[in-house]
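Look at the sequence and the model together, and keep both in view while reading. The paragraphs below go from a single residue outward to the chain as a whole.

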Amino acid sequence: MSVVELAVDQLPQERKLVTDLPGPKSVELMARKEAAVSTAVGNLMPVFAQKINGGVVLDIDGNSLIDLGSGIAVTTVGSSAPRVVEAVQQQVAEFTHTCFMVTPYEPYVAVAEALNRLTPGTFDKRTALFNSGAEAVENAVKIARAATGKTAVVAFDHGYHGRTNLTMGLTSKNVPYKDGFGPFAPEIYRAPMSYPLRDGLSGAEAAARTITTVESQIGANNLAAMIIEPIQGEGGFIEPAPGFLPALLAWCRENDVIFIADEIQTGFARTGAMFACENEGIEPDLIVTAKGIAGGLPLAAVTGRADVMNSPKAGGLGGTYGGNPIACAAALATIETYEQDNLVERAREVETVAKGRLQQWADTDPRVGQIRGRGAMIAVELVDPATGKPDANRLRASRHTAALVASSCSVVAPSATSCASCRRCRSPTNFCSKAWTRLRLALAPTPDTCRSDHRINAHSQGLHVTTENISQANEALFAGLHTDGYINGAWVQAPEDKRFEVLNPATGEVLTTVANLGSDDAMAAMDAADAAQAAWGKSAPRERADLLRAAFDGLIARREEFARLISLEMGKPLAEARGEVTYAAEFLRWFSEEATRISGRYGSNAEGTGRVIVSQRPVGPCLLITPWNFPLAMATRKIGPALAAGCTSIIKPAAQTPLTTLAFTSMLDEIGVPAGVVNVVPTTSASSISEPLLADPRLRKMSFTGSTAVGRSLLKLAADQVLRTSMELGGNAPFLVFEDADLDAAVQGALLAKFRNIGQACTAANRFLVHSSVAEDFSARMTKAVEGMKIGSGLEDGVTIGPLVDEAAVSKVSELVEDALAGGATLHTGGAAIDGPGHFFQPTVLSSVTPAAKMWTSEIFGPVLAITTFDTEEEAVAAANDTEYGLIAYAYTKDLKRSQRLIEDIESGMLGLNMGVVSNAAAPFGGVKQSGLGREGGPEGISEYLTTRYALTPAP
């Protein structure tokens, strides 16, 4: 065991919260800080450190936080590195200071020798030591001007070089570093930086652009130096295109311009090389270093060609405390640590793990514009998927208190000199093996919020689940998955430990078993929800909003884990499951924002005799019954507004797919949902849960998604207690294709509206009404598209059609197809169940389906597209409305006036005009006629969980 391993064992390498963040001692100390320290000295985290080593910060309240921030100061070796501590203690015992320019000492010389040896370049070198990075940058400029006899200096867009007057002039980032501090030193010019994500230029092209700017606006005859960060730090860890730096260095050599590499943030093993410029194979004239040299003590240096470094007159460089002996002793021990513990290689390992994990996110999320950086210097840039432009709002929204300390960009709007759309990791690389394991688990796409532990799951292991490795997937994915009920903040077993099996519809195999709760458990959940209602109903809207926002962040961070779980228990293709996670998360984000917008009104009555006060209050405990086909989205669509409004809830997930709801509940438990606010009662006997709850006068609302037949029965039970209800019931959606439709768009829309979720959606298009003039063409195009679909387990690559949920679903779809064919329908492709394990049915296209067919009047709930024709708009609208259902309809036409008529004439709660998917968290989801009552989503969604109260007071 190395000395590093021994030292970090002094502090447990784990993240653990024992108080809220910030804790009471940090709150008290922050008040003292605000009373004593200038407000211009800000803090990223509101916690105060007590002890730091390895990969952990222990704050003064006893919380252990993963340290992803110390890299800003001590960089690679971390805080209190053992060799550094020992060297400092020995030097303090000898002497603490003597100005090197008056009485020199050996450690200064030894540090200079080490830097001359380590920095790139085979030429003769010299070094001078200073106190800070900004001081070293200023001296590098002084040296360049002395060496060339010229005065102009070029710095680059997005660059950061310090906070002194000269270095502020070099820095591009205005807020907060430069705003209000000018005027700055003269003869500083700005040149464009290579930024591949935004400019799209090769290294050679970007260098040519820079050189043209310099030659035309400054002139090589006036230019003393170019100063550049090989990887820009504060600008957003911007890594220039390959070839950019070598081209600039070659130009500088040809024109007697000093090339200065500012390696203050990138040096000393941080980027997987001792210095970042080594990644491009360049040898700068001068290298500026700081921070990482001395393991946390103030020390900086300029190292470079001897002829350049010797240009200033004797006495021109130096400072009273520059190269302090204690800092020099620390530097020598730090350098020993770099070399003895092979931290260059450790930085490369950090890069491999971090980029590998983050790339999984980037591959499936268009909001990730780029994963970039080297070694332990990694950034994620977030963009607006619609425009590809930086999206600072996403970064602002993603920042929430978590069990880690992370340093990130300033959250200002993106500008020419700032990158506010990226999240960056500044981590030390000398973690011991325990700390490194924790860091690997922490490197999720966004920080998750754990109370005291972090379970290993399929996502964190990068496990690719297929039918071939299903047992391995079960072991990893289900290792930390709770499968009991959740009541009053605790996981509870069923009486006599009764359990039911959850099957994989792709294989028929048992995934796991789940607690089978009953009526007594339902009443225990009711007791818990009722007991928690008063406090939760009066909780601050911001508290509820923050919890929902943390849940949103948690889902996005664990997107792959949830997607795979959905695919395993429900069967949908993994790509669609990922889409469901995103869709589900949006309800949490939407209602986190709506929580703070609950309002009322105040005004005079018409007579002027009183004042009308109208307020909205949570309706009370709710029963939320979710379906199997969208196990996560339907849960968040109900839980989101309930939590936002201040309602407690009891959730009954579908017996076919309870695991996703339980996993989501576990995440809510981790982020701190109060006991009793959310309760989950899995069961195979829905009536044993719903009937006693609906008879209990303490229950104040029910929300149900499912069939119309079951919905009618529940409404009858709810009537006795006059419950508020939201009922999203069955559908029989028409899909109208008019003669002027864009058929390519109509086919793509039909594929989404019909085959998404394997056709198992109440919003699935059920009846395709196609104008007779284009029906043959439309049928042919649909047949070709459907024949190209791949059938299989949802976890297999390229699969677009997964299994139906169970064998009963296959039997129903088979019966409907056989009935249509017997009635004269034409089969174009598919039409049969598939033998073998799992519950598969071929994707099918039928035409000439008559209104007498059973599938024309009932939901197919499978991958079957049924086509009939019409000749007039009136005929199409009449056929579309000829159903007891009215959930959604789709229509494709280029005629604007017809579109307006359809909006008024189609009897449905929702209409997709030239769109195959209309569901959106910001829009009200729901139907008319037998398709239900109430709305979910949008501003209307939260009103379903609020009751209006009115008070009248005398006029003042």
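Leaving aside residues up to four places away in sequence, threonine 665 touches Tyr486, Trp491, Val678 and Val680. The model in which these contacts are found is a predicted one. Threonine 665 belongs to helix α21, which covers residues 659-671. Is threonine 665 buried or exposed? Its relative accessible area is 0%, and a residue counts as buried when that value is under 20%, so threonine 665 is buried. The side chain of threonine 665 also has a polar atom placed 2.8 Å from the backbone oxygen of threonine 661.

A pair of strands comes next. Strand β19 (residues 601-604) and strand β20 (residues 610-618) run antiparallel and are joined by four bridges. Within this pair, tyrosine 602 of β19 has isoleucine 613 of β20 opposite it. How many residues lie between β19 and β20 in the hairpin they form? There are five, and in this turn glycine 608 has a positive phi of about 80°. As a general rule for regular strands, side chains alternate between the two faces of the sheet.

Now turn to empty space. Such space can be found by rolling a probe the size of a water molecule over the atoms. The second largest pocket in this model has a volume of about 970 Å³. Two or more residues of its lining come from each of these elements: α20 (633-645), α22 (686-694), β24 (701-705), α23 (708-719) and α26 (807-822). The lining consists of 48 residues, and those nearest the centre of the pocket are Pro627, Trp628, Thr705, Gly706 and Ser707. By kind, the lining residues of this pocket are 23 nonpolar, 17 polar and eight charged.

Helix α22, one of the elements that line this pocket, also has buried residues. Which residues of α22 are buried? They are Ser688, Ile689, Ser690, Leu693 and Leu694. Among the elements that cover them are helix α16 (519-537) and the strands β21 (622-625) and β22 (649-652). β24 and α23 help to cover these buried residues as well, and both also contribute to the lining of the second largest pocket.

Finally, consider the whole chain. It has 956 residues, of which 59% are buried. Its secondary structure comprises 29 helices and 38 strands. Of the contacts in the chain with a separation of 6 or more, 73% are between residues 24 or more positions apart.

Note on methods. Residues are numbered from 1 along each chain as its sequence is written. This is a predicted model: local features need pLDDT of at least 70, side-chain atom pairs count only at pLDDT 80 or more; totals for chains, interfaces and linings use all residues. Side-chain values use heavy atoms; hydrogens and water are left out. Two strands pair if DSSP finds at least two bridges between them. Buried means under 20% relative accessible area, exposed over 50%, partly exposed in between (1.4 Å probe, protein chains only). A polar contact is a pair of N or O atoms within 3.5 Å; within protein, one must be able to donate a hydrogen and the other to accept it, and residues adjacent in sequence count only if both atoms are side-chain atoms. Contact means heavy atoms within 4.5 Å. On a 1 Å grid over the protein atoms alone, a cavity is a set of points where a 1.4 Å probe fits but cannot get out, and a pocket is an open set with protein on both sides within 12 Å along at least five of seven lines; lining residues have an atom within 4 Å of a point. Grid points are joined across faces, edges and corners, and a volume is the space filled by probe spheres set on the points. Ala, Val, Leu, Ile, Met, Phe, Trp, Tyr, Cys and Pro count as nonpolar, Asp, Glu, Lys and Arg as charged, and the others, Gly among them, as polar.
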